[in-house]
Amino acid sequence: MNELVSKASVHAFYADAIPRGRNTAENLQATTSERFNTLLESIGDGTPTTALDLGYGTGTYTIALARAGFRVVAVDQIPTDVLLRRTDGAGEWARRIDPRECLAENFAIDEDFGVIVAKDVLHYLARRDVESLLTSAVTHARGANYHYLEVFTGITRRSVDGRLLRIEGEADYSPGSFRHIVEQIYDGWDLTLLWSEHAEQDSRTGRNCFEATTATVIAANNRAA
Ligand SMILES: C[S@@+](CC[C@H](N)C(=O)[O-])C[C@H]1O[C@@H](n2cnc3c(N)ncnc32)[C@H](O)[C@@H]1O
């Protein structure tokens, strides 16, 4: 039987680790992925220059988008002052960032974002919230929109003493159930789904505390008007 970890404690963990600049087992300080960089470089004129970064963390993807010319709505459950401090006085691009302290599941996607990024966050949400967020993003897409998602599926978490853990209310997708829902929601889009194995070690024990199959979704709206 898995031991349940509260959602509140997960939120508190990030609210502590991110302002302190702690580089945790999941590498919160990592740079943007090569796949994302390639996607960003490929985006052309038909894409609205508005972006949404769900669960922005230290703001790495938000900053890359703003530097590339996008006005970015950056949503995370942590207070916005951390990102505001990081970008304070950084120049013209920093003024394009609009940070919001909000749960991703409570954020209403009601505009045509040219790019949506959700990296390493959607697995924390309930399935119905993941599916309604992505569905409303697709419903509001009018241009040559791109969605870049990295989502953990088939997760195994362990405590320091090896007990299996589960986070309250998390989506708990298997690779198959996630593939199914993504193919349904992005019907008619150009869809690239890539899979990789992911593991994180507990620095105290050297043993894996988190194992998952990462689904990277790159979806392009080719139904643009
Ligand atoms: C693993 S970090 C990923 C950060 C960033 N996307 C990246 O890849 O560099 C997860 C982030 O999601 C945020 N988060 C977790 N659950 C959330 C929720 N329900 N709504 C909004 N943000 C959430 C955390 O505060 C944290 O900043």
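Begin by selecting Arg163, which at 36% relative accessibility counts as partly exposed, a class that lies between buried (under 20% relative accessible area) and exposed (over 50%), calculated with a 1.4 Å probe on protein chains only. The model on screen is predicted, so local features need pLDDT of at least 70 and side-chain atom pairs count only at pLDDT 80 or more, while totals for chains, interfaces and linings use all residues. Residues are numbered from 1 along each chain as its sequence is written, and side-chain values use heavy atoms, with hydrogens and water left out.

Keep Arg163 selected and add Glu3, whose side chain meets that of Arg163 in a salt bridge at 2.2 Å, N to O; the term is used here for a side-chain nitrogen of Lys or Arg within 4 Å of a carboxyl oxygen of Asp or Glu. Arg163 lies in the loop between β6 (146–158) and β7 (164–167), and Glu3 in strand β1 (residues 3–5), so the pair ties together parts that are 160 residues apart in sequence. These elements are DSSP runs numbered from the N terminus, helices being H or I with at least four residues and strands being E with at least two. Glu3 is partly exposed, with a relative accessible area of 35%.

Now add Asp161, which forms a salt bridge with Arg163, the closest N and O atoms being 3.0 Å apart. Asp161 is exposed, its relative accessible area being 55%. Elsewhere, select Arg157, Arg166, Glu170 and Asp172 together, since salt bridges that share partners join these residues into one network.

Move next to Arg95 and Glu92, a salt-bridged pair whose closest N and O atoms are 2.8 Å apart. Arg95 counts as exposed at 64% relative accessibility, and Glu92 likewise counts as exposed at 51%. By the rule given above, the count comes to 14 salt bridges.

For a wider view, select residues 52–139, which an unreviewed UniProt entry annotates as "domain: Methyltransferase"; positions follow the numbering used here, feature names are shortened, and such annotations may be inferred rather than shown by experiment. The end C-alpha atoms of this span lie 15 Å apart, and the span is 32% helix and 22% strand.

Finally, select helix α3 (residues 60–67), which is mostly covered, with seven of its eight residues buried. Which residues of α3 are buried? They are Thr60, Tyr61, Thr62, Ile63, Ala64, Leu65 and Ala66. Just after α3, stop at Gly69, which takes a positive phi of about 105 degrees.
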